[in-house]
Amino acid sequence: EHRYLSFNKTHEEYYNKQYNTEIAIGMDFFESIKADVAFCDFCKHEFDLALGGQNFFVQSEEESKQEGEPTLYWDVYGSPIYNSNKEIIGLTILAINVTEQKEQEEQLHLKQFALDNMNEAAFLIDENAMFHYVNEAACCDLGYTKEELLTMGVIDINPNISKELWIELYNNLRNNKNTIASEHKRKDGTVFPIEVRSNYFRYNDKLYTLAIVHNVTERKKMQEQLLEQNKFLDSLLDALPVPVFYKDTETRYRGFNKAFEEFYGKKKEEMIGKGVFDLFPPEQAQVFFDADADLFRHGGTQTYEAKLHDTRGNHHDVIFHKAVYFNKSGTVIGQIGTILDITERKAQEEALAQKEQEFRALAEQTPDTIARYNKDCIRTYANPAFANISGMSDQELIGLKPTSHNRSQNALKYE
């Protein structure tokens, strides 16, 4: 009749908490649980099996009646009770609360799902280098099925590792968790570069390593492309006949071309990482430093003349052409500049100016008339003797053609 014959203390305390019910000997079990009709019908079916002479086992799920408490999970065992005449007089029910175990299983399933579905290959490896677990990414990378890989080990897929090397490597893994670079070999024989992050642990007195393997083929390609691009840019800069340099935002030199080395007299390895005060005299360095600060403050480009002393003691007149450069997010990260050596041009200009002064001194004193015209026959200079003859001042004569103030045949013929 489904009435209590006996129960233990745990059962009593649970029903008091879960259903707010004080159970007692002789009470109807189904009244005590106050469950819905469907659950009662389910229980009666299982109980009837036991009362018919069969053992039963069910797993049930029960919403907690306490607010904030988790769902309860039970493993329920039932069996008939016999009297001395082997007649069934009732049943014994053992209900085991497996909620904590269920939660642990769900956590385990979640971790298993995460490992199975992560983008990087995962391997669980024992101390003999054999695989105990591989995920889908590992199978995709290597071209093996999971069943095939679980019969294999590290030595089968890594062409660089022997049994002897594995022992040394495994001992290193036990002492640190560094990322190591290596290679994997696919089922078809092709080899690709990898990076391995691993974690060593002990479970049931056995040693294991969980290795997460990242296929770095694309990154290696990008690195090689960047290396080739850098080599090309270095070659391009070295081919330029003018000195080129670049600095960071702290005004430290970060690179030079060959022309700069030859111009200044030092190898770039001796200059990289240094500032203007490390390479130039203080007064000269302050000019360069102030110009750099102004460029970083206002951005854009900058051009100015300055004097520069090289390591050989030579003095140069130069023109700096500089501009800031940016990273991909648009932040200024440095400046690049060129140096135009105008020392020879300056010397020529000074020599020309000296010749001009000498010419003017001579022209001013001579009694002969002297005038200078451009290609359009416009007068650009007239000495005092010329001015006296023409009856005009030398300034009035400048900018005129010969016929502008003299309509003689000579003027027309000359023009």
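# Salt bridges, rings and strands

Me: Which residue forms a salt bridge with Asp294, the closest N and O atoms being 3.4 Å apart?

Reply: A salt bridge here requires a side-chain nitrogen of Lys or Arg within 4 Å of a carboxyl oxygen of Asp or Glu. Asp294 and its partner are three residues apart in helix H13, so about one helical turn separates them; helices (H or I, at least four residues) and strands (E, at least two) are DSSP runs, numbered from the N terminus. With its closest N and O atoms at 3.4 Å, the salt bridge of Asp294 is made with Arg297.

Me: What kind of model do these values come from?

Reply: Residues are numbered from 1 along each chain as its sequence is written, and side-chain values use heavy atoms, leaving out hydrogens and water. Local features need pLDDT of at least 70 and side-chain atom pairs count only at pLDDT 80 or more, whereas totals for chains, interfaces and linings use all residues, since this is a predicted model.

Me: Is Arg297 buried or exposed?

Reply: Buried means under 20% relative accessible area, exposed means over 50%, and partly exposed lies in between (1.4 Å probe, protein chains only). Asp294, at 30% relative accessibility, therefore counts as partly exposed. Arg297 has a relative accessible area of 58%, so Arg297 is exposed.

Me: Which residue forms a salt bridge with Asp292, the closest N and O atoms being 2.6 Å apart?

Reply: Side chains of opposite charge can pair when their charged atoms come close. Asp292 counts as buried because its relative accessibility is 0%, and its partner is also buried, with a relative accessible area of 2%. The closest N and O atoms are 2.6 Å apart in this salt bridge between Asp292 and Lys247. The pair links distant parts of the chain, since Asp292 lies in helix H13 and, 45 residues apart from it, strand S9 (residues 244–248) holds Lys247.

Me: Which residue meets Arg372 in a salt bridge of 3.7 Å, N to O?

Reply: Arg372 has a relative accessible area of 31% and is therefore partly exposed, and its partner, at 28% relative accessibility, counts as partly exposed as well. Across a distance of 3.7 Å, N to O, the side chain of Arg372 meets that of Glu356. The pair links distant parts of the chain, 16 residues apart, with Arg372 in strand S14 (residues 371–373) and, in helix H14 (residues 343–365), Glu356.

Me: How are the rings of Phe277 and Phe289 arranged, by which of the words stacked, edge-to-face or tilted?

Reply: The structure holds 21 aromatic pairs, in which rings of Phe, Tyr and Trp (its six-membered ring) have centres within 6.5 Å, planes under 30 degrees apart counting as stacked, over 60 as edge-to-face and the rest as tilted. In the pair of Phe277 and Phe289, the centres are 5.8 Å apart and the planes stand at 50°, so the pair is tilted.

Me: Which strand pairs with S1 over seven bridges?

Reply: Two strands pair if DSSP finds at least two bridges between them. Along strand S1 (residues 56–62) the side chains alternate, with Phe56, Val58, Ser60 and Glu62 pointing to one face and buried, while Phe57, Gln59 and Glu61 point to the other and are not. The bridge partner of Ser60 is Trp74. Over seven bridges, and in the antiparallel sense, S1 pairs with S2.

Me: How much accessible area does the nonpolar surface patch with Tyr77 have together?

Reply: Patches are made of residues with over 30% relative accessible area and no salt bridge, like charges being joined within 9 Å and nonpolar side chains (Val, Leu, Ile, Met, Phe, Trp, Tyr) within 5 Å, and accessible areas come from the Shrake-Rupley method with a 1.4 Å probe, where for residues only the protein chains shown count as cover. Tyr77 is found in strand S2 (residues 72–82), and its 36% relative accessibility is why it counts as partly exposed. Phe57, Tyr77, Leu94 and Ile96 form the patch, and their accessible area together is about 360 Å².

Me: Which residue takes a positive phi in the hairpin of S4 and S5?

Reply: Strand S4 (residues 121–126) and strand S5 (residues 131–134) pair in the antiparallel sense over three bridges, and in S5 the bridge partner of Leu124 is Tyr133. Four residues lie between the strands of this hairpin, and a positive phi near 75° is taken by Ala129.
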